[in-house]
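Got your viewer open and a selection tool handy? Let's take a walk through this model, one stop at a time.

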Protein chains: 2
Amino acid sequence: MAQRDTRERIVSTADLLFYERGYEATSFGDIASAVGISRGNFYHHFKTKDEILSAVIAQRLGDRQMMTQRWEAQESDPRSRIERFIDILLVNGEKIRRHGCPIGTLTSELAKLGHAAQAEAVHLFSLFRDWLAEQFARLGRPADADELALELLSRSQGAATLYNAFQDRAFLDREVAAMKHWLQQLAADASAAK
Amino acid sequence: MAQRDTRERIVSTADLLFYERGYEATSFGDIASAVGISRGNFYHHFKTKDEILSAVIAQRLGDRQMMTQRWEAQESDPRSRIERFIDILLVNGEKIRRHGCPIGTLTSELAKLGHAAQAEAVHLFSLFRDWLAEQFARLGRPADADELALELLSRSQGAATLYNAFQDRAFLDREVAAMKHWLQQLAADASAAK
DNA sequence: GTCTATAGATAGATAGAC
DNA sequence: GTCTATCTATCTATAGAC
């Protein structure tokens, strides 16, 4: 299955380069030389640049879905699961400092390009939005679970953007602490209401 | 002063196109045809693409500085001034829905490109950061004025990014209301401490 | 100060040998 | 399935006529 291997290597390499340099700024030649194949071979696997973008987004969707499933398996209570989401900012801190959030920056770029795949990229946000909403509902906030999910997504996006701009680690740590404190208050209020 | 006019038209047009399509995706030809001049004439005013980017950032800096000065002239108390900042999200709502925040998206793109002008673009954030910090200090929070300024900047960035992605006006309105409520609490706490 | 013409590099994409 | 060679379009940038 050498074909399958090459295809996967192309997608993984494109995923990384699209994140680090941006979609528009990454050429077929960049990807081909990074994978170690010729441009001609490249076109045997993907006919257009749009095709590889779709494959990259699909891979990211799969990755993130596995991530949330792992959190569900490892953490039993919704608050701990949501904390795992917040911790992405710390776990991927160095990457975010250099290249921003891989979901937010891709979505923004595709929106500007008027690219058809923008809707697919937004699915990446929707995946976390829906998963977080489910956790907030279980935490005792079924009525405004979706609003809380969007609010947390929004805060993490803002933190990623400003950390990328200012590169101020103290700011990132404060934002993470603030989100966890906000989450703790929600959990405490929910317990008191019972 | 036909030269000066042409130069200004180039900068204004580039400013708009860089915002709507992104810096990398906008070519000299795009700018030249939008202005209504030839590509050759273009190079009489700007020798490289980097030069025009610097001019665009400088113009945005001037615009935003005038904006904050206008807010200072029109609003006497710091809380009203900070509210004017929050209101940008509503005033420019339609543009943000389609193209995101002009400062956040430019900074992110330049960071990915490893572009030298990224530092200049971050100055745009710093301008608002410093101005907001001054207002928070006057509001009675001199000790953590800069932290509060970054927190508000962060929230507005997150709101802009998610509004651009989901295009959900109700979400944007909720975020604006939440920021104003947070500001009101800060002002009330500051008054009580006196 | 504005234009046309064009260089030189690189982009996405294709054809065909092996 | 991988390669080389090549096409066409477009990009940034320059030269020189008017």
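## Warm-up in chain B

Select B:Glu134 and you land in helix α8 of chain B, which covers residues 118–138. Keep in mind as we go that this is a predicted model. B:Glu134 counts as partly exposed, because its relative accessibility is 35% and that class runs between the 20% and 50% cut-offs. Now add B:Asp146 to the selection. It sits twelve residues away along the chain, and the two C-alpha atoms are 8.2 Å apart.

## A step back: chain A as a whole

Hide chain B for a moment and show chain A as a cartoon. How many helices and strands does chain A have? You should find ten helices and zero strands, so the pattern along the sequence reads α-α-α-α-α-α-α-α-α-α. If you draw a box around the C-alpha atoms along the principal axes, its sides come to roughly 65 × 35 × 30 Å.

Try a surface view next. Chain A exposes about 8,800 Å², with 49% of that supplied by carbon and sulfur atoms. Of its 194 residues, 52% count as buried. Take the contacts in chain A between residues at least 6 apart in sequence: 66% of them join residues at least 24 apart.

Colour by charge if you like. Chain A carries 25 positive and 27 negative charges, and the mean positions of the two sets are 3 Å apart.

## A stretch with a label

Select residues 27–46 of chain A. UniProt lists this stretch as "DNA-binding region", in an unreviewed entry. In the model, the stretch is 75% helix and 0% strand. Put a distance on its end C-alpha atoms and you get 13 Å.

## Into helix α7 of chain A

Go to A:Leu106, in helix α7 (residues 102–113) of chain A. Is A:Leu106 buried or exposed? It counts as buried, because its relative accessible area is 6%, and the cut-off for buried is under 20%. Leave out the neighbours within four places in sequence, and its contacts are A:Leu53, A:Ile57, A:Arg60 and A:Ala121. Show those four as sticks to see what surrounds the leucine. For a longer hop, pick A:Asp5: it is 101 residues from A:Leu106 along the chain, and their C-alpha atoms are separated by 25 Å.

## The matching helix number in chain B

Bring chain B back and select B:Thr107, in helix α7 (residues 102–113) of chain B. B:Thr107 is buried, with a relative accessible area of 2%. Zoom in on the side chain, which reaches the backbone oxygen of B:Ile103 at 2.8 Å.

Which residues does B:Thr107 touch beyond its neighbours within four places in sequence? In chain B they are B:Gln118, B:Ala121, B:Val122 and B:Phe125, and from chain A come A:Asn164 and A:Ala165. Colour by chain here and you can see residues of both chains around the threonine.

## Helix α9 of chain A

Next stop: A:Ala159, in helix α9 of chain A. A:Ala159 is buried, with a relative accessible area of 0%. Setting aside neighbours within four places in sequence, its contacts in chain A are A:Leu89, A:Phe171, A:Leu172, A:Glu175 and A:Met179. There is also a contact with B:Ser154 on the other chain. Measure across to A:Glu20 as well: the pair is 139 residues apart in sequence and 18 Å apart in space, C-alpha to C-alpha.

## A pair of loops

Follow chain A onward to A:Gln167, in the loop between α9 (145–166) and α10 (169–192). Its phi is near 60°, a positive value in a residue other than glycine. A:Gln167 is partly exposed, at 37% relative accessible area.

Now jump to B:Gln167, in the loop between α9 (145–166) and α10 (169–192) of chain B. Here phi is positive too, at about 55°, although the residue is not a glycine. B:Gln167 has a relative accessible area of 36% and is partly exposed.

## Last stop: helix α1 of chain B

Finish at B:Asp15, in helix α1 (residues 2–21) of chain B. At 13% relative accessibility, B:Asp15 counts as buried. Apart from neighbours within four places in sequence, B:Asp15 is in contact with B:Val56, B:Gln59 and B:Arg60. Show those side chains as sticks for a final look.

Notes: Residues are numbered from 1 along each chain as its sequence is written. Chains are lettered from A and ligands numbered from 1 in the order in which they are written. This is a predicted model: local features need pLDDT of at least 70, side-chain atom pairs count only at pLDDT 80 or more; totals for chains, interfaces and linings use all residues. Side-chain values use heavy atoms; hydrogens and water are left out. Helices (H or I, at least four residues) and strands (E, at least two) are DSSP runs, numbered from the N terminus. Buried means under 20% relative accessible area, exposed over 50%, partly exposed in between (1.4 Å probe, protein chains only). A polar contact is a pair of N or O atoms within 3.5 Å; within protein, one must be able to donate a hydrogen and the other to accept it, and residues adjacent in sequence count only if both atoms are side-chain atoms. Contact means heavy atoms within 4.5 Å. Accessible areas come from the Shrake-Rupley method with a 1.4 Å probe; for residues, only the protein chains shown count as cover. Lys and Arg count as positive and Asp and Glu as negative; His and the chain ends are not counted. The place of a charge is taken as NZ of Lys, CZ of Arg, CG of Asp or CD of Glu. UniProt positions are given in the numbering used here, feature names are shortened, and annotations may be inferred rather than shown by experiment.
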